[in-house]
Amino acid sequence: MTGELRRIDMTVNGRARAIDVLPHHTLLEVLRDDLGLTGTKECCLVGECGACTVLVDDVSVDSCLMLGVEADGASITTVEGLAFGERLHPLQQAFLDTGAAQCGFCIPGQLVSAAALLAETPHPTRAEIEEGLAGNLCRCGGYEQIIEAVAAAAAAGDHPGRAASTGHAGVPAVGDRASTPDAELAPQ
Amino acid sequence: MHAFAYERPRNLADALGLLTDLGTEARPLAGGTDLIIRIRDGSIRPRTVVDIKGVAELERGIREDDDHLTIGARTVMTDLLRDERIRRDYAALAEAAAVVGSAQIRNRATLAGNICNASPAADTAPALLAYGARVVAVGPSGSRVIPLDAFFVRSGVTTLAAGELVSAIELPHPSTPRGSVHVRRTRRRGHDLASVTLACTVDADGTTRIAYGSLGPRPLLVVDETGVLADPAATDDAREARLAALFTDATPSPRSMRASPEYRLAMLRVLGLRALRTAVERLGTGGRPS
Amino acid sequence: MTVVGSSPARVGGVERVTGGQAYVADIRLEDTLHIKLVTLDVARARIGAIDTRAACDVPGVRLVMTTADLPQPMPRFGPQRRDRPVLAVDETKYHGDPVAAVAADSRDAAEEAARLVRVEFEELPAVHTLAAALAQDAPLVQDPALRPKDPQAETNVLHEHRHSWGDSDAAEREAEVVVEGTYTFPMVTQFAIEPHAFMAAPDGDGIAVWSAIQHPNWLQRVIADLLQLPLAKVRVHAPDPGGAFGGKQHAKYEPLLAFMALATGRPVKLVLSLEETFQAVRRGAAGVHVRTGFRRDGTLVFRDLEADYLIGAYADIADRTVAKGSYTSMGPYRCPAVRIVARSVLSHTVPSTAFRGFGNPQQIWAVESNMDEAARTLDIDPLELRLRNLARKGEAFIPGDTPADGDWAQAVERAAELIGWRTPPPAGRGRGLAVGLKSGPTTGLSYSTVRLLVDGSVIVSAGTSDMGQGARTIFAQIAADELGAPIEWVTVVMGDTAVVPYDQQTSASRSSVFMGNSILSACRDIQAKLRAMAARLESVDEEDILVTRGEVRIDERVLPIRDVLSRGLGRLGGELIGVGEMRKDAEPDHPLGGTAAFYEFNCTAVEVEVDRETGDISIPWYVTVSDVGKALNPLQVRGQDEGAAVMGLGHTLMEHYIYDDAGRIRNLGAIDYRIPTSMDLPLRMDSDIIENADGPGPYGSKGMSEGALLPVAPAVASAVRDATGLSIRNLPLTPERVWRALRDASG
């Protein structure tokens with residue numbers, strides 16, 4: 001029936017979440033509005049700009065093109081789940097070091113895409129970084145400093161790899177490990 | 001987006017049953033990279049979205065069968081461009097899958113969905129046509145095989161019957177060594193919709209197949225059996241003349257925002273020649289990208 | 001070791017990389033109503049009856065606002081002309097002009113209801129090109145009755161600006177070579193990654209407004225005026241924008257939201273879609289005719305320029321961009337005779353507004369292309385032609401205005417050196433260069449307060465908008481150095497008119513200079529108080545005490561500020577408060593209302609390869625050099641300059657609005673409006689800066705961040721000219737455009 005809430009169970013940033021969502025709400029809307037995880041951004045809503053990029057079962061996707069209900073049973077990582085407690089993810093630190101974040105609006109998507117890229121290709125060439133981030137638009141910075149940050153993080157090594165959604169390399173997800181405590185469920 | 005219902009059938013019988021019962025009020029959902037955009041822009045307003053990703057009989061993966069590869073309906077572009085067999089024997093398809101969109105899009109977009117959406121500019125279509133792909137369709141009255149060339153009708157329209165789903169795409173094994181390539185024209189180097197998208201295969205027996213999209217309501221396949229195009233010693237003039245004769249059905253839309261008909265037709269010729277050169281080269285190096 | 005001149009981590013950087021940075025769309029208030037605009041899918045229409053019944057029946061809808069719910073006559077606003085209505089009255093004037101707005105408990109309900117609002121309308125003839133807007137019988141965009149004394153009121157020419165000096169007729173006779181051409185610059189949009197978002201809420205007996213507005217105090221005045229409230233009862237919260245580039249300078253839908261908040265008694269929130277953002281802000285398009293006279297040796301003799309800027313349906317700040325942009329269109333050169341005529345031409349299109357460069361990129365595209373064509377005609381190296389004519393530092397190259405304030409030739413030489421100008425490029429490549437000049441702010445007023453707390457930590461309050469240029473960081477750096485605090489001990493408070501003192505605006509690259517100086521002067525105020533304190537504590541005359549960056553010096557003794565402070569504040573504790581101000585008053589007789597506080601200057605040099613079969617331009621090498629006075633934060637300066645370069649490549653190679661014959665925009669949204677991605681970069685980019693500490697800002701800095709955008713297009717076109725011999729005078733240089741030019745040239 002149109003408009004009926006569906007219960008979905010997913011893991012978000014290592015934490016089990018069970019919520020009721022409307023079928024026509026995208027994963028982006030569910031993350032931002034229902035779970036209060038506003039780090040993932042809304043921009044083009046047609047899968048071109050990448051501001052809404054999240055990891056679904058370790059794979060980068062545009063969350064604006066995925067329905068929330070499709071995420072039932074999945075493990076989601078958003079920008080809020082990259083850091084480990086107070087310790088920044090190597091990519092986050094690299095972005096700070098190279099000055100990659102200017103206005104910052106594209107940065108959550110860039111970071112998640114970069115994390116997926118490095119998990120798949122731990123030592124990407126410059127061309128591979130450019131292509132890997134080509135689905136993430138930036139209007140402030142001209143991309144150079146973002147690319148340098150990804151290259152620096154790659155050179156420093158130590159990437160969570162396929163365990164991205166379960167925490168840093170070798171650290172299993174147990175309970176709540178998000179760096180930013182997930183907001184309480186917002187009422188529909 | 002407007003409110004709609006969501007179903008996630010677990011098997012094909014249920015999926016087909018739903019689609020038959022709901023008819024045009026329902027749309028199948030695979031990767032969502034086309035469907036969600038069209039729902040959001042209001043061009044379609046389904047009452048129910050039927051998610052086929054839970055259907056047990058629809059596979060994700062590429063299977064070896066006797067004389068063909070079977071690409072399951074849930075296979076995404078990322079799977080294709082990483083598969084060793086696709087890269088080796090169907091290079092044009094791997095190349096096309098790599099440019100369908102960004103990594104985020106490729107991780108979700110299915111090959112089956114790309115052909116069902118039937119955009120004239122679909123990047124995988126020319127490669128599939130050149131490779132003689134076949135569509136396996138399943139419906140209430142059973143399953144049938146449709147040659148891809150008989151699948152596309154025009155923009156957004158295929159010969160899938162009401163209540164049918166694509167369950168797989170078959171790629172016949174090449175019978176002779178061949179070189180192949182995919183090329184296209186876009187407005188920027190970053191991901192873009194193509195204003196010309198083209199795949200070319202050249203067989204060791206001298207047959208050349210060129211398929212192209214975005215120059216008319218559906219992608220088209222032309223075949224040259226004269227051997228002129230496959231001949232490395234042929235003159236540019238001879239090749240151009242042959243291509244001109246083959247490309248007479250190209251009818252680019254005058255209403256396009258991306259490129260004018262004149263430019264598209266000119267680029268069809270340029271890309272045709274460049275693709276030929278590369279395909280012939282690749283044939284010479286054993287049928288794989290050098 | 002000073003923090004200024006180094007590149008400490010961006011203040012606000014951690015929030016940006018952890019998803020903690022709160023942009024307007026991320027801010028939640030209890031009981032917020034969501035707003036959806038109702039617009040018509042036509043360029044221009046007479047509005048008839050509006051039936052809201054079906055919309056009102058949607059569960060959760062609280063208000064469908066139409067003109068009937070607003071004061072009569074319709075309140076209007078706008079920074080230059082009060083011409084923009086809160087909602088369209090009688091007529092919509094551009095594709096996207098809102099006629100109504102729905103407020104509902106959920107976004108779903110608001111969207112559904114907006115679709116159900118029935119508007120009767122009659123499509124009217126519309127103009128969306130210069131030719132159509134200037135035609136004899138063109139439909140008028142604005143009611144002539146709005147400007148009764150204007151002789152141009154019966155046309156779509158909003159304003160004509162004329163600047164001239166010297167004797168152009170005599171100069172014409174002296175010129176040995178005359179080069180002329182007509183150039184066009186397309187309509188493009190800012191496309192900040194953050195679409196515009198706004199909130200408003202009743203706040204006691206006043207109102208609070210949230211907007212990523214670059215000018216919070218200006219918005220405060222607009223709202224106070226429209227709602228007839230005292231300024232002190234209007235609170236503007238201005239979170240850091242997710243990119244702005246000028247498109248968030250002036251009020252857009254804040255007034256509408258303010259009325260809706262008061263009507264419903266609840267907070268209201270509007271987040272525009274990207275498509276709606278493209279319909280809200282853009283740059284003025286332009287057609288520019290340049291005619292330049294030279295002596296055979298390349299010396300400039302005269303320049304005539306006629307520019308028509310296609311602005312939108314409401315003036316916004318567009319006419320100012322025409323005034324300011326055209327004013328410097330003789331370029332950074334010595335030119336004895338100049339005649340400039342520039343017109344703002346109204347059209348039934350998106351109201352154009354400020355956009356990085358502020359009217360300059362359009363004329364620089366023409367002027368620098370003209371210089372490049374002249375170089376070829378004169379058979380003089382384009383580099384030499386610039387060096388021969390560049391104004392020297394201190395030269396009054398614009399009579400009555402600020403003299404050239406930098407060693408611009410040095411920037412040009414540096415760019416030439418970086419790209420190896422004097423050695424031939426590799427085979428198959430063309431090479432080109434161009435320069436760009438923009439005058440900085442002509443007036444300005446920035447207040448700030450700095451509080452030095454008892455433990456030596458610091459709070460800076462400054463009303464600048466940090467939209468990515470890193471204002472917050474450099475303000476922290478200045479306070480850290482001046483007061484001897486580690487930068488981690490400095491908090492910068494911005495974006496709240498109730499808490500932060502007045503700042504006129506964030507525009508024209510002014511903030512390092514204006515707010516920077518204001519903060520510097522607040523710090524000096526504190527240093528003076530510290531000196532008095534030290535004199536009292538040490539029983540020494542004040543004139544024997546020097547308080548400088550972080551230290552108090554008495555004879556040979558050097559005491560850290562913190563020590564003096566804690567002893568001086570004594571048992572009661574407290575803090576020292578410094579107030580700072582930088583002001584540049586208007587000069588009413590000046591054509592722009594004031595002289596330039598500084599200039600931005602950039603030289604860009606480029607190598608290109610052109611695929612002659614497809615028209616593709618690729619850029620193997622890109623060099624950009626800006627004259628910045630002093631890089632307060634070199635990493636941020638580089639980020640801004642390279643960002644400006646890539647943004648410039650956007651309008652150079654791919655960006656443009658596409659309209660249909662009926663004046664509707666066809667390419668709304670990200671699929672068909674293309675901007676550069678990470679795969680569209682030059683193969684190699686080198687950016688550098690010239691630092692001669694010759695600017696009016698702190699430590700000799702000047703404003704920067706627009707300069708590197710100015711000459712991108714003519715530099716690339718110059719390289720294309722070198723590679724192919726083609727002069728293409730219309731942007732963007734898409735592959736198809738280049739292909740056509742190649743084909744037409746070969747006959």
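**Contacts between chains A and C, and the packing of helix α3(C)**

In the predicted model, 49 residues of chain C are in contact (heavy atoms within 4.5 Å) with 50 residues of chain A. The buried area, defined as the accessible area (1.4 Å probe) that two parts lose on being put together, summed over both, is about 4100 Å² between chain C and chain A, and carbon and sulfur atoms give 56% of this area. C:V17, C:I193 and C:S678 supply 17% of the area that chain C buries against chain A, more than any other three residues.

Helix α5 of chain A (residues 144-156) and helix α16 of chain C (residues 634-653) have axes that come within 9 Å and cross at roughly 120 degrees. Helices are DSSP runs (H or I, at least four residues) and strands likewise (E, at least two), numbered from the N terminus. Axes are lines fitted to C-alpha atoms, for helices over the stretch in contact, with angles running from 0 to 180 degrees between N-to-C directions. α5(A) and α16(C) are therefore oblique to each other; angles under 35 degrees count as roughly parallel, over 145 as roughly antiparallel, 65 to 115 as roughly perpendicular and the rest as oblique. A:E144, A:Q145 and A:E148 of α5(A) make the contact with C:L635, C:R638, C:G639 and C:E642 of α16(C).

Within chain C, helix α3 (residues 107-116) has C:A109, C:A110, C:A113 and C:A114 buried, that is, under 20% relative accessible area (1.4 Å probe, protein chains only). These residues cover an arc of only 130 degrees around the axis, which puts them on the same side of α3(C); the arc is that of the directions from the helix axis to the C-beta atoms. The buried residues of α3(C) pack against β1 (33-38), α2 (53-57), β3 (61-65) and β7 (100-104) of chain C.

Residues are numbered from 1 along each chain as its sequence is written, and chains are lettered from A and ligands numbered from 1 in the order in which they are written. Local features need pLDDT of at least 70, side-chain atom pairs count only at pLDDT 80 or more, and totals for chains, interfaces and linings use all residues, while side-chain values use heavy atoms, with hydrogens and water left out.

Note on methods
Buried < 20%, exposed > 50% of the residue type's maximum accessible area, 1.4 Å probe, protein only.
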